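Here is a brief report on a single protein chain. Have a look at the fold before reading on.

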Amino acid sequence: MYCNFITCCSVLQAKEVYQRTQGRQQVLPLDSIYRKNLPEWDKPLPHIRFQPKYKPAGNPVYARNLLEFTRDEESCRVVFGMLLGDTLILDTLDQANQYRQEIIKYTHCPTILTRSGDRIRSNGKFGGTMNKAPPMDKLKGCVFGQPLPIAYHALCTQIETLEKYKTALAASIQSHDELQEQINLQKDPETLEKYKECKEAEVKLKEVEQKLGMNMPTRNLKHQTSTPTGTEPALKKTKSEQSPATPSRLSVVHPSPRSRNGPSPIVVDPSATPSRMSSRIASMTTVISEDGRKRLKKSL
């Protein structure tokens with residue numbers, strides 16, 4: 001509930017407020033309220049008066065009975081009795097509708113508010129934005145009431161912590177169940193049989209690799225002139241395994257006696273000199289035969 005007016009004890013005070021605010025502020029003088037229309041503050045609820053055996057759900061209560069006044073109780077009862085009247089408060093909208101259906105069988109049902117923020121008017125209409133309480137952040141400065149105690153904020157923090165702990169505990173239980181399921185699956189006879197087959201397949205694969213020589217790196221092979229059986233050729237040494245005293249196969253061109261005091265000998269890589277086959281091909285020419293094909297012919 002929110003109020004947008006200032007309550008004054010008399011009409012004179014209300015006029016002063018009106019003049020100071022240039023008529024922009026609503027005022028309510030107490031001496032101008034018609035008190036015969038005010039509700040009886042302590043009268044029983046409608047269902048108690050007309051149907052004592054009925055046990056309604058939703059904890060019905062008069063809205064005015066939820067108010068506590070620290071001072072000027074009589075004046076406050078006048079103001080809030082005029083504002084609230086016989087307005088009732090129940091927990092939910094469904095419970096409020098059920099309560100209203102029972103009350104209208106015997107008497108007029110006043111306006112019903114719910115703790116979830118809905119309103120059922122005294123004529124029975126509900127729903128829509130006009131019958132829904134606005135969010136609290138839009139009512140800043142218009143809400144009255146006693147400040148919430150410090151214990152309330154402490155409880156809110158504890159509730160939030162417990163919610164996080166509950167979520168973490170549920171995730172931990174789920175992980176433990178999944179782990180136990182995997183452990184039980186490993187102990188299953190079918191899984192053990194597959195594991196055994198896998199190990200046997202690994203052993204067979206290693207035997208095949210050994211037969212094929214796939215597990216023998218080339219750098220560890222020793223140069224052999226002959227095998228024990230004499231059926232396999234000897235392996236050729238790699239360049240890195242050749243003895244440092246054995247030079248690589250190179251062609252050395254010695255200088256003639258006339259040029260012994262000349263420049264140093266020239267070392268020629270045999271791979272850079274043409275081979276016998278390349279020299280033979282170079283000495284042949286391309287001719288075209290009668291069938292149109294190109295052929296190589298030895299030059300004269």
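The report covers the overall chain, its nonpolar cores, one helix residue and two loop residues.

**Overall chain**

This is a predicted model. The chain holds seven helices and 10 strands. Of its 300 residues, 16% count as buried. The accessible surface comes to about 25,100 Å². Carbon and sulfur atoms account for 55% of that surface. Take the contacts between residues at least 6 apart in sequence: 39% of them join residues at least 24 apart.

**Nonpolar cores**

In soluble globular proteins, nonpolar side chains tend to be buried together. The largest nonpolar core in this chain has 11 residues. Its members are L45, Y54, Y62, L88, L90, A96, Y99, I103, C109, I112 and I120. Two elements, β4 (88–90) and α4, each give two or more residues to this core. The largest share, three residues, comes from α4.

Y99 is one of the core members. Beyond its neighbours within four places in sequence, Y99 touches L45, Y54, L88, L90 and I112, which are also listed in the core. The contacts of Y99 further include P46, H47, P56 and P60.

A second, separate core has five residues, among them L28, L30, I33 and V79.

**N97 in helix α4**

Helix α4 spans residues 93–103, and N97 lies within it. Is N97 buried or exposed? Its relative accessible area is 18%. The cut-off for buried is under 20%, so N97 counts as buried. Leaving aside neighbours within four places in sequence, N97 is in contact with I120 and F126. Of these partners, I120 belongs to the largest nonpolar core.

**Two loop residues with positive phi**

Most residues other than glycine have a negative phi. N59 has a positive value, and D72 has a positive value as well. The table sets out both residues.

| Residue | Phi | Loop | Relative accessibility |
|---|---|---|---|
| N59 | near 55° | between α2 (46–50) and β3 (61–62) | 53% |
| D72 | near 50° | between β3 and α3 (73–84) | 53% |

Why does N59 count as exposed? Exposed means over 50% relative accessible area, and N59 has 53%, so N59 qualifies. At 53%, D72 counts as exposed too. Strand β3 borders both loops: the N59 loop ends at β3, and the D72 loop runs from β3 to α3.

Definitions and conventions: Residues are numbered from 1 along each chain as its sequence is written. This is a predicted model: local features need pLDDT of at least 70, side-chain atom pairs count only at pLDDT 80 or more; totals for chains, interfaces and linings use all residues. Side-chain values use heavy atoms; hydrogens and water are left out. Helices (H or I, at least four residues) and strands (E, at least two) are DSSP runs, numbered from the N terminus. Buried means under 20% relative accessible area, exposed over 50%, partly exposed in between (1.4 Å probe, protein chains only). Contact means heavy atoms within 4.5 Å. Accessible areas come from the Shrake-Rupley method with a 1.4 Å probe; for residues, only the protein chains shown count as cover. A nonpolar core is a set of buried Ala, Val, Leu, Ile, Met, Phe, Trp, Tyr and Cys residues joined through side-chain atoms within 4.5 Å.
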